[in-house]
Amino acid sequence: MRRTEAAKRLGRFVREHRTDGARRLRQAGIWLLAGAVGTAFGVPVAIASVGTTDGAPGLAGLLLGVGLVGWGLGIWRLTQAFRTREQCFDIHERGFTHRVAGTATVIPWEDVARVSTSGGDGRPLADARGMGSTCEIRLHSGRRIRVDAFTEDIRGLATVVHRAVHLGQFPQGRRR
């Protein structure tokens, strides 16, 4: 791992929290596939059901609804995957580095205004879908960094940032 001069000012490296972009892309593919299948079956059923009042219009609506939801969620996940590609949080003694898409932003603890978390929504497999636990790091500049369940040990990241910012308990790197 290459460290910039700015990151060296943050003190010793403690640990990193990577975001699983490949899992996001897989999820996007699954949603897009569901959208394509729903649309591929829904359009012919809708055409065939023109003029009838039996169960075909309801089935067409269901299939087209699945298609629409699949396309929407797939495009949303795909956009997220490209916007946050290679995202990683490097924790240091005096701050953290937020790396995303080849750009690194060095953030000292005193630049963080607030950290808030939500513990998940309680739905089955919510964390696996990336819709469970979230963390938002708000900086004094007004910038917000949102972290979702695709980031490894999101609760540990939120705890470290909270302790450093609100309790003054800074992470300690390994002594050599």
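# Reading helices, strands and salt bridges

Biologist: The buried residues of helix 2 (residues 21–48) pack against helix 3 (56–83); which residues of helix 2 are buried?

Modeller: This is a predicted model, in which local features need pLDDT of at least 70 and side-chain atom pairs count only at pLDDT 80 or more, whereas totals for chains, interfaces and linings use all residues. Residues are numbered from 1 along each chain as its sequence is written, and side-chain values use heavy atoms, with hydrogens and water left out. Buried means under 20% relative accessible area, exposed over 50%, and partly exposed in between (1.4 Å probe, protein chains only), while contact, on which packing rests, means heavy atoms within 4.5 Å. Helices (H or I, at least four residues) and strands (E, at least two) are DSSP runs, numbered from the N terminus. By these terms the buried residues of helix 2 are Arg-24, Gln-27, Ala-28, Gly-35, Gly-38 and Gly-42.

Biologist: How many helices and strands are there in the protein chain?

Modeller: The protein chain has four helices and seven strands, and along the sequence they follow the pattern α-β-α-α-β-β-β-β-β-β-α. Of its 176 residues, 34% are buried.

Biologist: How should I read the length of a helix, and what does helix 4 (residues 154–167) span?

Modeller: The expected span is 1.5 Å times one less than the number of residues. The 14 residues of helix 4 should therefore span 20 Å, and the end C-alpha atoms are 19 Å apart, which agrees. Helix 2, with 28 residues, reaches 41 Å from its first C-alpha to its last, close to the 40 Å expected.

Biologist: Which residues of helix 4 are buried, and what do they pack against?

Modeller: An α-helix has 3.6 residues a turn, so residues three or four places apart point the same way. In helix 4 the buried residues are Ile-154, Gly-156, Leu-157, Ala-158, Val-160, Val-161 and Ala-164, and they pack against strand 1 (13–18), strand 2 (88–92), strand 5 (112–118), strand 6 and strand 7. Gly-168, with a positive phi near 70°, follows helix 4.

Biologist: Which way do the side chains of strand 7 (residues 144–147) point?

Modeller: In a regular strand the side chains alternate between the two faces of the sheet. In strand 7, Ile-145 and Val-147 point to one face and are buried, while Arg-144 and Arg-146 point to the other and are not buried. Two strands pair if DSSP finds at least two bridges between them; strand 6 (residues 134–139) and strand 7 run antiparallel and are joined by four bridges, with Cys-135 standing opposite Val-147. The two strands form a hairpin with four residues between them, and Gly-142 in the turn has a positive phi of about 100°.

Biologist: Which residues point one way and which the other in strand 2?

Modeller: Cys-88, Asp-90 and His-92 point one way and Phe-89 and Ile-91 the other, and all are buried. Five of the five residues of strand 2 are buried, so this strand is largely enclosed by the rest of the structure. Strand 2 pairs with strand 1 in the antiparallel sense over five bridges, and another five join strand 2 to strand 3 (residues 95–100), again antiparallel. Cys-88, with a relative accessible area of 0%, stands opposite Arg-99 in strand 3.

Biologist: How many salt bridges are there, and which residues do they join into one network?

Modeller: A salt bridge is a side-chain nitrogen of Lys or Arg within 4 Å of a carboxyl oxygen of Asp or Glu, and by this rule the count comes to seven. Glu-16 forms one with Arg-99, the closest N and O atoms being 3.5 Å apart. That pair links distant parts of the chain, with Glu-16 in strand 1 and Arg-99 in strand 3, 83 residues apart. Arg-99 also meets Asp-90 (2.8 Å, N to O); Asp-90 is buried, at 4% relative accessible area, whereas Arg-99 is partly exposed, at 24%. Elsewhere, Glu-136 forms a salt bridge with Arg-146, whose closest N and O atoms are 3.2 Å apart, and this pair links strand 6 to strand 7 across 10 residues. Glu-136 is buried, at 14%, while Arg-146 is exposed, at 54%. Salt bridges that share partners join Glu-16, Arg-18, Asp-90 and Arg-99 into one network.
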